[in-house]
Amino acid sequence: MTENHVRELVDLLELERLEDNLFRGQSRDIGTHFVFGGQVLGQALSAAQRTVDADREAHSLHAYFLRAGDINAPIVYSVERTRDGGTFSSRRVVAIQHGQPILNGSISFQVPETGFEHQSSMPEVPMPEDIEPMQAVPPEQLAKLPEKLQRWLGVDAPFEFRHVWPQDKLHPTKRPPIQHIWFRLTAPVSDSPMLQRSLLAYASDFNLIGTATLPHGISYYTHNVQMASLDHALWFHRPFRVDEWLLYSFDSPTAQGSRGLARGQIFTRDGRLVASTAQEGLIRLRG
């Protein structure tokens, strides 16, 4: 079953080519009613990658989420070939549904080069094998939850997550805005760097803005809280595989004006920093 979910996700990111710079993607229902932001990020990166030379690797992605995506309609990705220089290429991507943009993104690519290197150290945390896997909500308990939660908690995911500091998100308590989560794809995939980057872009949207809710004792599941990603930045530093354990280390330096800012660093289990993220999201208390 897990292999089927992974295969479905890989197919989702491959896209259909309509024209040289035009692509079409479908959506997967992960229980959110609207298209998952990470899916649009991964598909936008996949579209842009298919318009550059194979020797140029994506190193940064910056995107704004403009509208909620319709889970039942295809998404068209229009790629503008902004610039191709000697070592760098830039692409602008617009994701379109029903004639309107739902995401604007800019992605930069570079021919691999050698140079100075340094990195932050990986936090000292237990290895994933030392952390209990997340348990599925029993069907009888799931049936008692609101429909929004039933949809989210009842869908099988292609990624496995293991929280260093687990929290009951149905009954959250206030805690510092820091968390560490191991994650990996639940089945092996191709070692294509393009696919690996698209899959990481997809996964990078999980748990990020949720870090900004931790000091306030709320979560995505809180009935009177509205949450949505507003923008997303992702930088690729070093090679990685998403079907091997990666540590996602989060912090949130601020929340204000119904918005929260969260940052992330992604490490391999041997401590290499492979990617960094940042996201601002809407966190609105209603009623």
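**Exercise 1. Locate isoleucine 107 in its strand, decide whether this residue is buried or exposed, and list its contacts.**

Isoleucine 107 is found in strand β6, residues 100-110, where strands (E, at least two residues) and helices (H or I, at least four) are DSSP runs numbered from the N terminus. The model is a predicted one, in which local features need pLDDT of at least 70 and side-chain atom pairs count only at pLDDT 80 or more, while totals for chains, interfaces and linings use all residues. Residues are numbered from 1 along each chain as its sequence is written, and side-chain values use heavy atoms, with hydrogens and water left out.

The next step is accessibility: buried means under 20% relative accessible area, exposed means over 50%, and partly exposed lies in between, with a 1.4 Å probe and protein chains only. Because its relative accessibility is 4%, isoleucine 107 counts as buried.

For the contacts, which mean heavy atoms within 4.5 Å, residues up to four places away in sequence are not counted, and isoleucine 107 then touches Ala44, Leu45, Ala48, Ala58, Ser60, Leu61, Ser89, Ser90, Arg91 and Val93. One of these partners, alanine 48, is 59 residues apart from isoleucine 107 along the chain, and their C-alpha atoms are separated by 7.4 Å.

As for the record, UniProt lists residues 34-110 in an unreviewed entry as "domain: Acyl-CoA thioesterase-like N-terminal HotDog"; UniProt positions are given in the numbering used here, feature names are shortened, and annotations may be inferred rather than shown by experiment. Over residues 34-110 the chain is 17% helix and 52% strand, with the end C-alpha atoms 33 Å apart.

**Exercise 2. Describe how α1 meets α2, and then how α1 meets α5.**

Begin with helix α1 (residues 2-14) and helix α2 (residues 37-49), whose axes come within 8 Å and cross at roughly 50 degrees. Axes are lines fitted to C-alpha atoms, for helices over the stretch in contact, and angles run from 0 to 180 degrees between N-to-C directions. That crossing makes α1 oblique to α2, since angles under 35 degrees count as roughly parallel, over 145 as roughly antiparallel, 65 to 115 as roughly perpendicular and the rest as oblique. Leu12, Leu13 and Glu14 in α1 meet Gln39, Gly42, Gln43 and Ser46 in α2, and the residues of this contact divide into 2 nonpolar, 4 polar and 1 charged. Here Ala, Val, Leu, Ile, Met, Phe, Trp, Tyr, Cys and Pro count as nonpolar, Asp, Glu, Lys and Arg as charged, and the others, Gly among them, as polar.

Turning to α5, its axis and that of α1 are 11 Å apart and the two helices pack at an angle of about 105 degrees, which makes α1 roughly perpendicular to α5. On the α1 side Leu9, Val10 and Leu13 meet Leu195, Ser198, Leu199 and Tyr202 of α5, and this contact divides into 6 nonpolar, 1 polar and no charged residues. Finally, 9 of the 11 residues of α5 are buried, so this helix is largely enclosed by the rest of the structure; among the buried residues are Leu195, Leu199 and Tyr202.

**Exercise 3. Place strand β2 between its pairing partners and state which of its residues are covered.**

Two strands pair if DSSP finds at least two bridges between them. Strand β1 (residues 16-19) is joined to β2 by 3 bridges and the two run antiparallel, with a hairpin of 2 residues linking them and arginine 24 as the bridge partner of glutamate 16. Strand β4 (residues 75-84) is likewise antiparallel to β2, through 4 bridges, and leucine 22 stands opposite serine 78 in β4. In β2 itself (residues 22-25), Phe23 and Gly25 form the covered face, whereas Leu22 and Arg24 form the uncovered one.

**Exercise 4. Examine the positive phi values of asparagine 207 and serine 258, giving the loop and accessibility of each residue.**

Most residues other than glycine have a negative phi. Asparagine 207, although not a glycine, has a positive phi of about 70 degrees; this residue lies in the loop between α5 (193-203) and β9 (225-236) and is buried, with a relative accessible area of 18%. Serine 258 has a positive phi near 65 degrees and sits in the loop between β10 (246-256) and β11 (259-268), where its relative accessible area of 35% makes it partly exposed.
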